[in-house]
Amino acid sequence: MNAHELSRRTFLRGVGVTMALPWLESRNVWGTETPAAPPASVPPVRVGVLFAGNGFHGKEWWAKGSGKNMELGQVLAPLADFREKLLFIRGLYNEEALKGNIHSSQTGNLLSGAPLASGGEIRSGTSFDQLLAQKHAGSTKVPSLVLGCEQPNPAVHKNYSMLYSSHISWSSPTSPTPLELFPALAFDRLFKDEDAKGDKSVLDSVLADAQDFRREVSTSDRRKLDEYLDSVREVEQRIARAGRRGELQGWKPTVDKPNVPRPADGIPQDVIEHMKLMCDIVVLGFQTDATRVTTLKLNNDHSSLRFPSLGIDYMIHHLLSHTDTPDYLKVNQLFTGQLAYIARKLDAIQEGDRTALDNTMLMMCSSMLSGGTHDATQLPVVVVGGGGGKLKGGRVLDYLKSPNRKMCSLFLSMLDKAGLHMDAFGDSRDPLAEV
């Protein structure tokens, strides 16, 4: 898609609002058709990265077997329904992550493989997601969504800036991509124009245009459009409820004062709802082709999140992540459950002969295998989705004894399947042929 194709796409429009549409069979709304193959457009390949800091339960991150008979460790149990669309990859690592300290220097180059500057200086490398974002600039409304559920930490830990442990997406070697922590603002970025004023519902703004458009499409596309609009309304309402409860953004200013007292600095009061809302926004971004690239950092690598709603009211680091207890397993399953939640919603969205999940690569990773050992000599990696028919699931790939076990080799493979062909990335010149 070239830079002019965004202007040829079909949008629902209202005052201060532009809403992209989902893939439809009877109308080309994404501006990608060619004269030889009208009218249906080809859904693009999307890439999503979910990050969970501090590693996983040391004994329960594993998979073996293949296809529907694949066996999964308990950490991955929430993904059981997607075994045939799941790729479990063992043994990859970033060599540069072994040269510094723990946490910061293991996370700041996770998606780039770049050497990191120490002494409080900030220098990493452009992450692979941002290379894709640059490719799609001008073709989608939002080149990339970079979301987070825990605030960055600006301190220094063992001679390395903790901004490294707070960011996985880097727009340039010296610029971590700003995290959007507020679901309402991430939602607005997908749908509202930059000069939009006020808090009027996005959906209310475009309803008249939606009704006119609805008359022009097939019966099945009308159902798809109705389902999409319902999902937008549901997310809007949940954001509004969370804001009123003070559980999401903590405080939301009114004309003269906040509607609840400002909470203490730190995490949202209801982190599980926060995560789920961010997951819904990832789905909406992909469903409407408002973006094709997203990263969701569920927590920092040196994390201070607590999970009182799970009955676990002590910090994930050190007290929780350094143990292989049932409590840590429960938190791990919460994290992998977010991946399963996104996968399930994408798999319910039909795009021609495939689902949106079939047209997506969702990767979950961490900067160490286990929080108790801080082991970065092999990293936990799982990928769910079909990559537009280019990625075969239901497999376990073990690179632990392979001469090519660089994380950047995986990224070369994923970039290629997403349409960005590169001879080298980071410290690798060889994609993983099996992927």
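Leaving aside its neighbours within four places in sequence, which residues is Thr 288 in contact with? They are Arg 9, Ala 20, Leu 21, Pro 22, Trp 30, Phe 191 and Tyr 228, where contact means heavy atoms within 4.5 Å.

Before going on, a word about the model. It is predicted, so local features need pLDDT of at least 70 and side-chain atom pairs count only at pLDDT 80 or more, while totals for chains, interfaces and linings use all residues. Residues are numbered from 1 along each chain as its sequence is written, and side-chain values use heavy atoms, leaving out hydrogens and water.

**The whole chain**

The protein chain has 10 helices and 17 strands; these are DSSP runs numbered from the N terminus, with helices (H or I) of at least four residues and strands (E) of at least two. Of its 435 residues, 56% count as buried, that is, under 20% relative accessible area with a 1.4 Å probe, protein chains only. Among contacts with a separation of 6 or more, 71% are between residues 24 or more positions apart.

**Two helices side by side**

Helix 4 (residues 183-191) and helix 7 (residues 271-287) pack at an angle of about 5°, and their axes are 10 Å apart. Here axes are lines fitted to C-alpha atoms over the stretch in contact, and angles run from 0 to 180 degrees between N-to-C directions. The two helices are therefore roughly parallel to each other, a label for angles under 35 degrees. On the helix 4 side, Pro 183, Ala 186, Phe 187, Leu 190 and Phe 191 take part, and they meet His 274, Leu 277, Met 278, Ile 281, Leu 284 and Gly 285 in helix 7.

**Back to Thr 288, and two other loop residues**

Thr 288 lies in the loop between helix 7 and strand 12 (293-297). A polar atom of its side chain lies 2.9 Å from the backbone oxygen of Leu 284.

Asn 54 and His 374 are worth a look too. Phi of Asn 54 is near 75°, a positive value in a residue other than glycine, and His 374 also has a positive phi, about 55°, although it is not a glycine. Are these loop residues buried or exposed? The table gives the answer for them and for Thr 288.

| Residue | Loop between | Relative accessible area |
|---|---|---|
| Thr 288 | helix 7 and strand 12 (293-297) | 0%, buried |
| Asn 54 | strand 3 (46-51) and strand 4 (63-64) | 0%, buried |
| His 374 | strand 15 (360-365) and strand 16 (381-384) | 16%, buried |

Terms used. Parallel < 35°, antiparallel > 145°, perpendicular 65-115°, else oblique. Buried < 20%, exposed > 50% of the residue type's maximum accessible area, 1.4 Å probe, protein only. Polar contact = N/O pair within 3.5 Å; in protein donor to acceptor, adjacent residues only side chain to side chain.
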